[in-house]
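User: I am new to reading protein structures and would like a close look at a single part of this one. Could you pick a good place to start and walk me through it, then show me what lies around it?

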Amino acid sequence: MTHPWFEGVGKPRVLAHRGLVVPDAARGGIVENSFAAVAAAHSAGAHYVESDCHVTADGVAVLFHDHDLSRVTGDPRRVADVSARELETLMNGRGGLITLAQALEAFPTLRFNLDVKAKDAAPAVGAAVAPHADRVLVTSFSDDRRRAALTAVADEGRGIRPATSGGRGTIGRVMTAVSARSDRLVARALAGVDALQVPERQGRLRIVTPRLIAAAHRHGVEVHVWTVNEPAEMIRLVEMGADGIVTDRADIALDTLS
């Protein structure tokens, strides 16, 4: 059965990577994963926002990519060492802090693709996501973190799980199975997974190939490629069979792929 996250939106899917920050907004101090960035993606017509989840010292799940605040705010502390109120102050003038609960409630038509960046974030992510699981996909580089977040959603007892994309371990097993031309092993690796979200290459290793895409599609699993900002590359990957593009420029992608 297709998860609601995938329904009612045509392919190729455009996933706004950490929201949308166009150059003029960046020059004005707006940063990724801010309230303004999510609002800009929504205003541009994006149906999907790809973001990241950490948890603050007082247990609030927030949209933030890095483990520490230095790159985005200039503060050297970790997200886990500041309160949500402190982080809100630091994000003033940078587009505004957006908690996961705020994102889901303020943008009820958006669908979120959430990368759980820290193990300790899983319970807070689960609590925030549970009422909105029909429009959330949960992922993580770590399959353990991904599963912990899914378990945390299930523990809330709302009756529907989020969609999910495999972590590094899952992707490695799928690639091995594809290389071995074993559809049985592909099926086993993809069990319980709705999507593979991958870079086209990792160093010299090509990950996204027609064979991998075809293998995923045989088992009802989509392939989304990150992070793709050039229109020609978007078109090439979609023509190869990719179901979605994760991009910093959702505005350009929507124009290019519409």
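Analyst: One term before we start: a contact means heavy atoms within 4.5 Å of each other. Please also keep in mind that this is a predicted model.

Let's start with helix α8, which covers residues 168–179. One of the helices it packs against is α7 (residues 143–155). The axes of α7 and α8 are 7 Å apart, and the angle between them is about 120 degrees. Angles of 65 to 115 degrees count as roughly perpendicular. The α7–α8 angle falls outside that range, and these two helices are therefore called oblique to each other. You can find the place where they touch by highlighting a few residues: D143, R146 and R147 on the α7 side, and R168, G169, T170 and R173 on the α8 side.

Now look at how α8 packs with α10 (residues 210–218). Here the axes lie 10 Å apart and the angle is about 105 degrees. That value makes α8 roughly perpendicular to α10. In this contact, α8 supplies V174, M175, V178 and S179, while α10 supplies R211, L212 and A215.

Next, step off the end of α8. The loop between α8 and α9 (183–189) holds R181. Is R181 buried or exposed? Its relative accessibility is 66%, and exposed means over 50%, so R181 counts as exposed. The backbone of R181 has something to show you too: its phi is positive, at about 55 degrees, although R181 is not a glycine. To get a feeling for distance in this model, measure from R181 to A101 in your viewer. These residues are 80 places apart along the chain, and their C-alpha atoms are separated by 43 Å.

A useful partner for comparison is N33, in the loop between α1 (23–27) and α2 (35–44). N33 is another residue other than glycine with a positive phi, near 55 degrees. Its surroundings tell another story, though: with 2% relative accessibility, N33 counts as buried.

From the helices we can turn to some strands. Strand β10 spans residues 222–226, and four of these five residues are buried, so the rest of the structure largely encloses this strand. Strand β7 (residues 195–199) pairs with β10 in the parallel sense, over five bridges. To see one place where they line up, find A195, which stands opposite E222 in β10. β10 also runs parallel to β11 (residues 244–247), joined to it by two bridges. There, V225 has I245 in β11 as its bridge partner. If you trace the chain from β10 through helix α11 (residues 231–240) to β11, you follow a right-handed β-α-β unit. Along that path, the peptide bond from W226 to T227 is cis, with omega near -25 degrees. T227 sits in the loop between β10 and α11. Another cis peptide bond joins K11 and P12, with omega of about 0 degrees, and P12 belongs to the segment before β1 (13–17).

Finally, let's look inside. In soluble globular proteins, nonpolar side chains tend to be buried together. In this model, the largest nonpolar core has 61 residues. Among the residues with the most contacts inside that core are L63, L100, F112 and L196. Helix α6 (residues 122–129) gives this core its largest share, five residues. L100 is a good residue to click on, as its contacts beyond four places away in sequence include C53, A61, L63, L114, V125 and V129. There is also a second, separate core of eleven residues, with V62, L69, L87 and M91 among its members.

For a last contrast, visit helix α4 (residues 84–91), where you will find R85. At 65% relative accessibility, R85 counts as exposed. Twelve residues along the chain separate R85 from L97, and their C-alpha atoms are 9.3 Å apart.

How values were computed
Residues are numbered from 1 along each chain as its sequence is written. This is a predicted model: local features need pLDDT of at least 70, side-chain atom pairs count only at pLDDT 80 or more; totals for chains, interfaces and linings use all residues. Side-chain values use heavy atoms; hydrogens and water are left out. A nonpolar core is a set of buried Ala, Val, Leu, Ile, Met, Phe, Trp, Tyr and Cys residues joined through side-chain atoms within 4.5 Å. Buried means under 20% relative accessible area, exposed over 50%, partly exposed in between (1.4 Å probe, protein chains only). Helices (H or I, at least four residues) and strands (E, at least two) are DSSP runs, numbered from the N terminus. Two strands pair if DSSP finds at least two bridges between them. A crossover is right-handed if, with the strands pointing away from the viewer, the path from the first strand over the helix to the second runs clockwise. Axes are lines fitted to C-alpha atoms, for helices over the stretch in contact, and angles run from 0 to 180 degrees between N-to-C directions. Angles under 35 degrees count as roughly parallel, over 145 as roughly antiparallel, 65 to 115 as roughly perpendicular and the rest as oblique.
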